[in-house]
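Reader: I'd like to learn how to read cysteines and nonpolar cores in a model like this one. Can you walk me through it?

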Amino acid sequence: MRAARSVIDTERQAVSALQQRIGSHFVGACQLILACEGRVVVLGMGKSGHIGQKIAATLASTGTPSFFVHPAEAGHGDLGMITRGDVVIALSNSGETAEIITLLPVIKRLDIPLIALTGNPASTLGTAAAACLDVSVAREACPLNLAPTASTTASLVLGDALAIALLEARGFDADDFARSHPVGSLGRRLSSVRDVMHTGDDIPRVNENTILSRTLLEMSAKGLGMTAVLDEQGEVSGIFTDGDLRRTLDAGFDVHTTTTAEVMTRNPRTIAETCLAAEALRMMEEHRINALLVLDEDQRLAGVLNMHDLLRAQVL
């Protein structure tokens, strides 16, 4: 237990030290990437290579086209994957990794901007870079001070900081994120209301003047435990739910003579069809309701949504 706590404390200190290094070189790295007309190519050997793959994946999923190239393979043909207009991010704790240093003349010849993540800014890699990000650590978490541990954590965190700074600079939003995460739990959470709502003839709807008995028939036919109520112009004026029905019967209203307008809930909760399904779930939970009316950009009824729809879509 003591060893585990020591590792966590050492890596925590390594990450905390990065705060003071967010300065002109970090801003310069962001500017180089934002100006990039090609892709961001990430290089790294060994453990730095594994971190580089994660950084490339994070950049790609947050709006910065990026991929990883193994430096050793680059020297045997994969260098053709790096072209003018790209930006290179190279990871090397020592800054002297032979497989990366070998590629520097080619990168310079192609006039490709180079960003270094290194623990030695005075190294060959650090001095060759247009922007050098210092990821040096006081010591590794390994008791031998040899295995890359704190240094790789620092590189990973700074890579995340770079990706998120770029995300904000680009105005990358939840809809953009959803397009790059179409499947899995993230995809389900980022699906839109439009993806899961009932539309067309499946929407239960009645006019304000519809007698309540016929409203109940509409609710039964559509099976959603509610119906939208529309005025003479076809705009939403209310909602009538199973809960409204219970309150109506308890109050002694006659379902054969009462109009829906007399007992409906006015000013119902609505949501735009472009909103995330997760936002619909949040609204239902916050207001303790089981259904929402969905409006289009003209504020007209586009669909309906209930809690069961969200559960079936696994929007949790």
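Author: Sure, let's start with cysteines. A disulfide is a pair of cysteine sulfur atoms within 2.5 Å. Keep in mind that this is a predicted model.

Reader: How many disulfides does the structure hold?

Author: It holds 0 disulfides.

Reader: Why does C30 have no bond to the closest cysteine sulfur?

Author: Because that sulfur, in C36, is 13 Å from the sulfur of C30, which is too far for a bond. C132 is a similar story: its closest cysteine sulfur is in C30, 15 Å away, so that is too far as well.

Reader: Is C30 buried or exposed? And C132?

Author: The cut-off for buried is under 20% relative accessible area. C30 has 11% relative accessibility, so it counts as buried. C132 is also given 11%, so it counts as buried too.

Reader: OK, on to the cores. What's the general idea?

Author: In soluble globular proteins, nonpolar side chains tend to be buried together.

Reader: Which residues of the largest nonpolar core touch the most other members?

Author: I33, I89, I115, L117 and L162, out of 25 residues in that core. At least two core residues each come from α2 (24-34), β1 (40-44), α3 (46-61), β3 (87-92), β4 (114-118), β5 (131-134) and α8 (150-170). The element that gives the most is α8, with 5 residues.

Reader: What does L162 touch, leaving out residues up to four places away in sequence?

Author: L162 touches F26, A29, C30, I33 and I89. Apart from this largest core lies another one, of 20 residues, including V41, L43, A74 and V88.

Note on methods: Residues numbered from 1 in each chain as written. Predicted model: local features only at pLDDT ≥ 70, side-chain atom pairs only at ≥ 80, totals over all residues. Heavy atoms only, no water. Core = buried A, V, L, I, M, F, W, Y, C linked by side-chain atoms within 4.5 Å. Buried < 20%, exposed > 50% of the residue type's maximum accessible area, 1.4 Å probe, protein only. Helix = DSSP H or I, 4+ residues; strand = E, 2+ residues; numbered from the N terminus. Contact = heavy atoms within 4.5 Å.
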